[in-house]
2 protein chains.
Amino acid sequence: MFQSKLFTKTKREAPKDEEAINAQLLIRAGFIDKTMAGVYTFLPLGFRVLKKIENIIREEMLSIGGQEILMPTLQPKANWEKTGRWNTMDDLYKIKDTSDKKFALGPTHEEIVSPLLKNFIFSYKDLPLYIFQIQNKFRDEKRVKSGLLRTREFLMKDLYSFHADEKDLDKYYEKAKAAYFEIFKRVGLGNFTLLTFASGGTFSKYSHEFQTVSETGEDKIYVCEKCKVAINKEIMGEPLDAARGKQNSCPECGNKKLKEEKSIEVGNIFKLKTRYSAPFDLKYRDEKGIEHKVIMGCYGIGLSRLMGTIVEVFHDQKGIIWPESVAPFKAHLINLMPSANHKSQIDKIYNSLQKSGVEVLCDDREYVSPGEKFSDADLIGLPYRLVISEKTGEKIEIKKRDSNEIKLVAEKELARLLTK
Amino acid sequence: MFQSKLFTKTKREAPKDEEAINAQLLIRAGFIDKTMAGVYTFLPLGFRVLKKIENIIREEMLSIGGQEILMPTLQPKANWEKTGRWNTMDDLYKIKDTSDKKFALGPTHEEIVSPLLKNFIFSYKDLPLYIFQIQNKFRDEKRVKSGLLRTREFLMKDLYSFHADEKDLDKYYEKAKAAYFEIFKRVGLGNFTLLTFASGGTFSKYSHEFQTVSETGEDKIYVCEKCKVAINKEIMGEPLDAARGKQNSCPECGNKKLKEEKSIEVGNIFKLKTRYSAPFDLKYRDEKGIEHKVIMGCYGIGLSRLMGTIVEVFHDQKGIIWPESVAPFKAHLINLMPSANHKSQIDKIYNSLQKSGVEVLCDDREYVSPGEKFSDADLIGLPYRLVISEKTGEKIEIKKRDSNEIKLVAEKELARLLTK
């Protein structure tokens, strides 16, 4: 894409009411726009990042047998009363239509997917089943000071699994866990993200969160360096239940030397068991014709929150440093030549890279100083900066965003370098 | 995909409260599920159709210079008060959060995109600009008896264009019109869809709708067979304004012999001019530094409505007849052999077709009679039915959904036939 055509522009100043680094950088660089507190618009660059994250998550969900559907935002009040959550969920948006019917704006979809599956699950032969969607969610958040990390409207992937028994759920739960690690690895957060033990509610001893270590995180975790797992502060030192006493050590090895870290919750997985199949009477018949409640699991990742987390982890004073897998473009091709003269040279390089499958943002803007182009490139944060100037002659200057090393390479070498 | 893995099942009976053919067939065939009146879930088959439609629309929008973004559903009341629509739009969903702030659930996005562009449009050099999104919309509809044709929550593509003057808007408006015709042609509705003159409101003589002729349509249009255009009944015989008198003939050729038809509105385009730039003070400076209001256009297509329309136009007594471009799979491969014996033969054909890029739904279900498999295939409506049975031997029986002609072809011919 040519930057002269891109309608967004970078900004020198961060908006005053944005405290979070992710929002400051993403707004200044033109990835998002704040529509109101806790609600953002994704601009072309931000939309491209979202789509990259979406594709990675979709691939991993398909690889563990997920079937993709799309459930609605408007959800009938009756379903939420059935599970008791109409009155207990604080951040549920409720809406009344002109005929006085009430709906919830979906913050999650157990109340939709469970009755939906009553149409399709009858026998043990229909199980197991894995269903996911990538869809907008709504939560009436009180505090929204964290940019994309906590918003009133957000894009989420939610997967629901349906099983004949807990053993089968346990097996799939481990598979989902592995897929989640793969997702965090692929978006660049692998080294910073830990499986974290959290409260399991009334049904399980623990649920699991995926927490990304970050100084700006709202959560606190205690890391066991031996096992590379963590415990959420929420359950630390608190009685898990009357029988089991307090949690004060690593649940895997018993290690009590734990390191406190701040972190961002980037995903969670939960053994729901019969929490939602019971109220909706979701059952199956086994080989002998005996009815049983279906056993469920759920698995969530917020896409927009993941995008914010990536920026919190990967940035410096100058701007964002996108991991290649989610960068809106791989390379930023910057033309410092007097405009008309070298249009053909830059076009040739642009076209040859595009042909090789390298996504390029070409800064072809006129009347913009080299200094401004460089600082925009640092702010936007594409993995590779390519420069053509009077000094570079027939060659192209290449520099990685996260390094200071500058190399001059020939045009024919460039594509090879960027596609290896 | 293997049908034994697909979690949806076909139904013999249409739900009693669904009057519309599109909803009856789509629910029976397992494309959608009714969550409540006017709100549907897209199941795996329906989700695939949506994605095909989405990709066609996206390609055409990109081809006329559209930049894709994603705007939010939650929209501040203040923006809707500024345009006066908070109180005048009957079907606007309004919501109040716990701190008593009020929002609209977006039924359209002029109230978001116009103030957004104030951040990016300053000079004539920033124009023209074309911005689109594919996103969920909400309308508090009173009557919802038409399946996907009229819903309370629906997927829509909305494009907004921004110009320095009306002449430039007029030029782009014609380009957008052409892109719309291309979209309707590509999804299979080209021969049934007419440019239709409709009310232009206070700003233009006409707006334009795209109406698809269908016996089950809610709209009435008058078709000029000479010009292949139509006039919406809404403006027929009514005074357009005091000066111009009544509309009773083709606006293109003056022909008064018009044919009445029922139709479905599948798209609309509208010259907004300064209707939304004025309240949001969206201006630019010309070469001389003089300020002018930005001139706008908007262009909408409902994706879910388009899916419903396709089913209204393309079906028979037995089920849906998908056009190839939007079919969830191109071919339905049906195994009528005793199960275990011929697993390898069917797998070989399935794999070779997939390798050739032909998307296949393979009916590998056991304990399902040939009659049921055939009637399911007709109901689901994929373009090609491929059968392997004791009778077909080494060959494969091929039949198009919209024809009765059955041919036997060799395996190696099959891929060639389906990819030509």
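Helices are DSSP runs of H or I with at least four residues, strands are DSSP runs of E with at least two, and both are numbered from the N terminus. With these terms, Pro128(B) can be placed in the loop between helix H5 (110-117) and strand S7 (129-138) of chain B. The views below are taken from a predicted model.

**The cis peptide bond before Pro128(B) in chain B.** Leu127(B) and Pro128(B) are joined by a peptide bond in the cis form, for which omega is about -5 degrees. The proline belongs to the loop that lies between H5 and S7 of chain B.

**The cis peptide bond before Pro128(A) in chain A.** From Leu127(A) to Pro128(A) the peptide bond is cis, and its omega is near -5 degrees. Pro128(A) lies in the loop between H5 and S7 of chain A. Both of these flanking elements, helix H5 (110-117) and strand S7 (129-138), are among those of chain A that each supply at least two residues to the side touching chain B.

**The relation between chain A and chain B.** A turn of 180 degrees, with a shift of 0.0 Å along the axis, lays chain A on chain B with an RMSD of 0.0 Å. This is the relation of a two-fold axis. Among the residues of chain A, the one that comes closest to the rotation axis is Ile95(A), whose C-alpha is at 2.8 Å. The same surface serves both copies, since 100% of the contact residues of chain A recur in chain B.

**The contact between the two chains, seen from the side of chain A.** In this contact, 36 residues of chain A meet 37 residues of chain B. The elements of chain A that each supply at least two residues include strand S1 (32-36), strand S2 (39-42), helix H2 (44-63), strand S3 (67-68), strand S4 (74-76) and strand S5 (93-96). The most is given by S2(A), with four residues. By class, the residues on this side of chain A comprise 21 nonpolar, eight polar and seven charged.

**The three-stranded sheet S4-S6-S5 of chain A.** The sheet is open, its strands follow the order S4-S6-S5, and the pairing is antiparallel. S4 and S5 of chain A stand at the edges with a single partner strand each, so each has one side without a neighbour in the sheet. From one strand to the next, the twist averages 40 degrees. S4(A) is joined by three bridges to strand S6 (residues 102-105) of chain A, and the two run antiparallel. One bridge pairs Leu74(A) with Leu105(A) of S6(A).

**The three-stranded sheet S4-S6-S5 of chain B.** In chain B, three strands with antiparallel pairing form an open sheet in the order S4-S6-S5. Strand S4 (74-76) and strand S5 (93-96) of chain B are the edge strands, and each pairs on one side only. On average, neighbouring strands of this sheet are turned by 40 degrees against each other when direction is ignored. Three bridges in the antiparallel sense connect S4(B) with strand S6 (residues 102-105) of chain B. Within this pair, Pro76(B) has Phe103(B) of S6(B) as its bridge partner.

**The packing of helix H2 on helix H6 in chain A.** H2(A) packs at an angle of about 155 degrees on helix H6 (residues 166-186) of chain A, and the two axes are 10 Å apart. H2(A) is therefore roughly antiparallel to H6(A). Their crossing is right-handed. H2(A) contributes Ile56(A), Ile57(A), Glu60(A) and Ser63(A) to the contact, and H6(A) contributes Ala179(A), Glu182(A), Ile183(A) and Arg186(A). These residues of the two helices divide into four nonpolar, one polar and three charged.

**The crossing of helices H8 and H10 in chain B.** The axes of helix H8 (residues 343-355) and helix H10 (residues 411-419) of chain B come within 10 Å and cross at roughly 30 degrees. The crossing of H8(B) and H10(B) is right-handed. From H8(B), Ile349(B), Ser352(B) and Leu353(B) meet Glu411(B), Leu414(B), Ala415(B) and Leu418(B) of H10(B). The residues of this contact comprise five nonpolar, one polar and one charged.

**The hairpin of strands S24 and S25 in chain A.** Five residues link S24(A) to S25(A) in a hairpin. Strand S24 (residues 396-400) and strand S25 (residues 406-409) of chain A pair over four bridges in the antiparallel sense. Lys399(A) has Ile406(A) of S25(A) as its bridge partner.

**The backbone at Lys273(A).** Although Lys273(A) is not a glycine, its phi is positive, at about 50 degrees. The residue is found in strand S15 (residues 259-273) of chain A.

Methods:
Residues numbered from 1 in each chain as written. Chains lettered and ligands numbered in written order. Predicted model: local features only at pLDDT ≥ 70, side-chain atom pairs only at ≥ 80, totals over all residues. Axes fitted to C-alpha atoms, helices over the stretch in contact; angles between N-to-C directions. Left-handed = near helix turned anticlockwise from the far one by under 90°. Contact = placed C-beta atoms within 7 Å. Nonpolar A, V, L, I, M, F, W, Y, C, P; charged D, E, K, R; others polar. Least-squares fit on C-alpha atoms with pLDDT ≥ 70 in both. Pairing = 2+ DSSP bridges. Parallel < 35°, antiparallel > 145°, perpendicular 65-115°, else oblique.
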